[in-house]
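The following exercises guide a reader through a structure that is new to them. Each exercise sets a task and then works through its solution step by step.

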Amino acid sequence: MKTFSRIFLVFTALVLLAHYLPSAYWMLFSGRYRAPYVAYSCVAGGFVSMRHGGESTDYRNVAGERINRDAFEQLLPFQYAGQLITDGRMPAEICGIVPDYNKISMERSFVKVEPSMLDMPTPNFRPLFEAQSGRLELEAPKDFLRLGKDLEFFVAASNSVDEAKSALFRQALEDIKFRMPAKLVAGNPDTRKAYDEGLYALDADGNLFLIMQKRGQPFVENIAASMSAEDAAQLATLNIRHIVVQEQKNRDIRALLIEADSTVWILHGAGFVLSRIELQGYDYARDELMLRGDMLNYVATVRNEDRIEVLAMDRNFEPLARYGEELMNRSKSRAGRVAAYLLPLALEFDNGKSGYLGIHID
Amino acid sequence: MDSVIECRQLCHSYGNKPALKGVSWSLRPGRICGLLGRNGAGKTTTINILNSFLSPDSGSCLLLGEDSRMLSPSTKARIGYLIEGHVQYGFFNVSQIERFYSSFYDKWDASIYHHLISRLDIDPRQKISTMSCGQRSQVALGLILAQSPDLIVFDDYSMGLDPGYRRLFIDVIRDYAANGKRSILMTSHIIQDLEGLIDDCIIYHRGEVLVDCPAKELETSYKSYSFVPNGPVEGFRGEGPEHLRIEQHNKRSAISGFISSSVAEERLLARGVEHSNLREEPASLEDIFIALTGKYQTR
Amino acid sequence: MKAIFYKEWIKTRSYIALITVAHFAMALYAVLKLRYISGQYDAVSVWSAWIYKGYSFYSLYQYLPLFGGLLLGCAQFMPELRDRRLRLVLHLPIGERRAVTMHLAFGLATLLSVAFPALLLMYSAARVWFPPEFAVGMLLTLAPWILSGFGAYFFSAAVLLEGRWTRRILLVLVAAGVLRLFFQELSIGSYERVLAYFILWTAAAFCLPIMSSERFRKGC
């Protein structure tokens, strides 16, 4: 007992020191390290960058030469279309396309996946929007779908199950051989999104389904049945760990499928085309993934404290060019090198990469 | 069992200050023993060691044959212990506290407790914290006696008591111990109360046992004589078994120790103290105590 | 065992009553607030606050168990230290460690039974407006707060029983450092992965007051 209480106290004290000392240290010595913004210029056929310094911003062209802001904006005409048009600097043609602001803005897309979005306590209650309400804006439904062992719609106001609606949807899923319990359900609960893609769900056998509600009626789809045979065969081999749905105006990207080994697949187009994003060092538990799209390209950016990887693709997600850069961060700074000696152990409960508290030892 | 308490070579110090310098003594069964000493002589340290609230630096102490540092519950049940100041749980009333303690002791004798309590002018629902120190002392005493312990340790029972309650306390103990089956160790500053009560007397001085003998022997063998000195008298404290003390007083100075009058004469002459008119003075236990330990805290 | 519980009950019952009332009143207030929110906003928004933002609606309650544990620890052990009364307990004819364990067991049982009606009230109220997942998640969110009460209790007991000021300060620092971790996040479910460690830690903290009491007995 005596030994135990001693070990307990010493252990507790060590844990506390490993937690509080590094956080106090970095509060004192942490510098500001910002990752550069690296974009693909279809005009120049390469990567351009923008870095925020203390006073000024540093713009670089494809060759790595310093340029001014106007020149930088001109290299990214889709992104800065509004500014270029306002300034009267918009070229008559961009990579063979005659620019039309409405079209440019329509085709602009942005999907962002952060580690904490994928790893957070999420109650298994999801809104199933009315996808064809006839209204311009989406309205939050009055009920929430709980799809797990069973399918039930919970009406929030009465805190009870809408048995009739539940039975209707249950039957619809049964009809297309969806086998309970559902392994994974994903959707986008944002009411301000462009449209409603519906909910994607993996059934007990790992088959991917799309569940929608149109004019109160279930609209369910077995994705494999709706895509090409080749893609369906590919889809069957995936070990899907996360599904991210972020509706975009152009309705091209429908969902991101992230496998257990962090391979990212995109479901896009009306026929659920399955394309792999050829990222090299992505780890969904550690890295932030951004996917920017414009009329001609998709650009995927993977970023963590240590490095940034940018992959430019065409609209079919075929790789065009790749960029990588090691980033300056606090552990590479002088304070970081000192810290490695002073603070051999750092223990965090919240490392910003999860919605859960955990024990993260560095 | 030869002794109910046996202290063997107890040594303890607080920092650099020694409190006990190897004291050894024992308490035989059925005896009432007074452990006396000036403030800081080591009484409380000894009591704390006895009750295992203090581990001595060296030496050991046996209570009813068991090491005081690891008394078994069954032995603890046979030892009653009065904490100095009659400390008890103030939040209880007299019947609640009886209910609490009675469940721990097989030999619990509630009649002793109720007898003592009945003589107090208290409301049965009155909390102990609102009682006078004297009343509290009776409650604490009742709780200890009701345990029917084989050994009782009273640490400074007289603290805070007025003469009436002090006398009452002594009377109760005297009655209780009358059958000669109980062994009692008591410490007190009020030595006159103990006169005629204690069988044995242990006197501590500066962390050592100065005297350890039956109280009767102390009262009969320790003598105090006064004399008229012819010149200045130099004070003297002897270390030997005679415990010889010579003190200069105003008119008549004094010599005391375990000595007869003829030895007193010899000792004075030997120290060159010219004197006349040596006569034996009556000495109470307290007088003897003070003669032995001195009026001042001498170093 | 019954006798020690009886003593602790007589000693602390007014404080226990206070803690119970405070728990219940706070729980009731939290429930009324939830009722008010459910009346003011439409149910979908209230559910959304839970589902997307991890709202537990009961954050009012969070520090109460901590203070309850502290208060009970003080109510139980401060009187034992006045005139070093703990000696009375240690002298009782039961094992010393057992005697102290009984005291702590009483405190634990008290803290549990004090929190129970409040938790029951909050759980039942949550079930009126929310599905069971919310109510369970809410209880899990409350769990570290309840645990902090036990932790505060063990540490206050250990600090009080500790003789040396240096050790006391060390214990206070450790307690403050650890208990702060129990209040990091408010959203439902965020403690799920560390709760088991927190429970283990709190259970292990049981040994501290026992060791303090043994040092008390040995007078060091």
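**Exercise 1. Determine what share of the contacts in chain C between residues at least 6 apart in sequence join residues at least 24 apart, and describe the chain as a whole.**

Solution. The model is a predicted one.

Step 1. Contacts between residues at least 6 apart in the sequence of chain C are taken, and 83% of them join residues at least 24 apart.

Step 2. The secondary structure of chain C consists of 9 helices and 0 strands. Along the sequence, this gives the pattern α-α-α-α-α-α-α-α-α.

Step 3. Along the principal axes, the C-alpha atoms of chain C occupy a box of roughly 65 × 30 × 20 Å.

Step 4. Chain C has 220 residues, of which 58% count as buried. Its accessible surface is about 8,900 Å², and carbon and sulfur atoms account for 69% of that area.

Step 5. Among the side chains of chain C, 22 are positive and 10 are negative. The centres of these two sets are 7 Å apart.

**Exercise 2. Establish how strand 1 of chain A is covered and how it pairs with strand 2 of chain A.**

Solution.

Step 1. Strand 1 of chain A spans residues 37-41, and 5 of its 5 residues are buried.

Step 2. The two faces are then examined separately. One side carries Tyr37(A), Ala39(A) and Ser41(A), and the other carries Val38(A) and Tyr40(A); all of these residues are buried, and both faces are thus covered.

Step 3. The partner is strand 2 of chain A, residues 46-52, and the two strands run in the antiparallel sense with 5 bridges between them. In this pairing, Ser41(A) is placed opposite Gly46(A) of strand 2 of chain A.

Step 4. Strand 1 and strand 2 of chain A make up a hairpin, with 4 residues between the strands. In the turn, Gly45(A) has a positive phi of about 70°.

**Exercise 3. State how many aromatic pairs the structure holds over all chains, and analyse two of them.**

Solution.

Step 1. Over all chains, the structure holds 45 aromatic pairs.

Step 2. One of them is formed by Phe47(A) and Tyr323(A), with 5.7 Å from centre to centre and 45° between the planes, a tilted arrangement. This pair links distant parts of the chain: Phe47(A) belongs to strand 2 of chain A and Tyr323(A) to strand 20 of chain A (residues 319-326), 276 residues apart.

Step 3. Phe47(A) counts as buried because its relative accessible area is 12%, below the 20% limit. Tyr323(A) has a relative accessibility of 23% and is therefore partly exposed.

Step 4. A second pair consists of Phe125(A) and Trp47(C), which meet edge-to-face at 5.9 Å centre to centre, with 85° between the planes. This pair crosses between chains. Phe125(A) lies in the loop between helix 5 (115-118) and strand 6 (143-147) of chain A, while Trp47(C) lies in helix 2 (residues 43-53) of chain C.

Step 5. Phe125(A) is buried, at a relative accessible area of 1%, and Trp47(C) is buried, also at 1%.

Step 6. Phe125(A) and Trp47(C) are members of one aromatic cluster, which also includes Phe144(A), Phe154(A), Trp50(C), Tyr55(C), Phe57(C), Phe130(C) and Phe134(C).

**Exercise 4. Locate the cis peptide bond that ends at Pro181(A), and describe the positive phi values of Asn159(A) and Ser148(B).**

Solution.

Step 1. The cis peptide bond joins Met180(A) to Pro181(A), with omega at about -5°. Pro181(A) is situated in the loop between helix 6 (163-175) and strand 9 (184-186) of chain A.

Step 2. Asn159(A) is not a glycine, yet its phi is positive, near 50°. It occupies the loop between strand 7 (151-155) and strand 8 (160-161) of chain A, and its relative accessibility of 13% makes it buried.

Step 3. Ser148(B), likewise not a glycine, has a positive phi of about 45°. Its place is the loop between helix 5 (133-146) and strand 7 (151-154) of chain B. With 10% relative accessibility, Ser148(B) is buried.

**Exercise 5. Identify which of the 2 pairs of touching chains has the most contacts, and examine chains A and B.**

Solution.

Step 1. Of the 2 pairs of chains that touch, chains A and C have the most contacts.

Step 2. Chain A and chain B are joined by no contact, and their closest C-alpha atoms are 16 Å apart.

Technical notes. Residues numbered from 1 in each chain as written. Chains lettered and ligands numbered in written order. Predicted model: local features only at pLDDT ≥ 70, side-chain atom pairs only at ≥ 80, totals over all residues. Heavy atoms only, no water. Buried < 20%, exposed > 50% of the residue type's maximum accessible area, 1.4 Å probe, protein only. Pairing = 2+ DSSP bridges. Contact = heavy atoms within 4.5 Å. Areas by Shrake-Rupley, 256 points an atom, 1.4 Å probe, with all protein chains shown as cover. Lys, Arg positive; Asp, Glu negative; His and termini not counted. Charge placed at Lys NZ, Arg CZ, Asp CG, Glu CD. Phe/Tyr/Trp six-rings, centres within 6.5 Å; stacked < 30°, edge-to-face > 60°.
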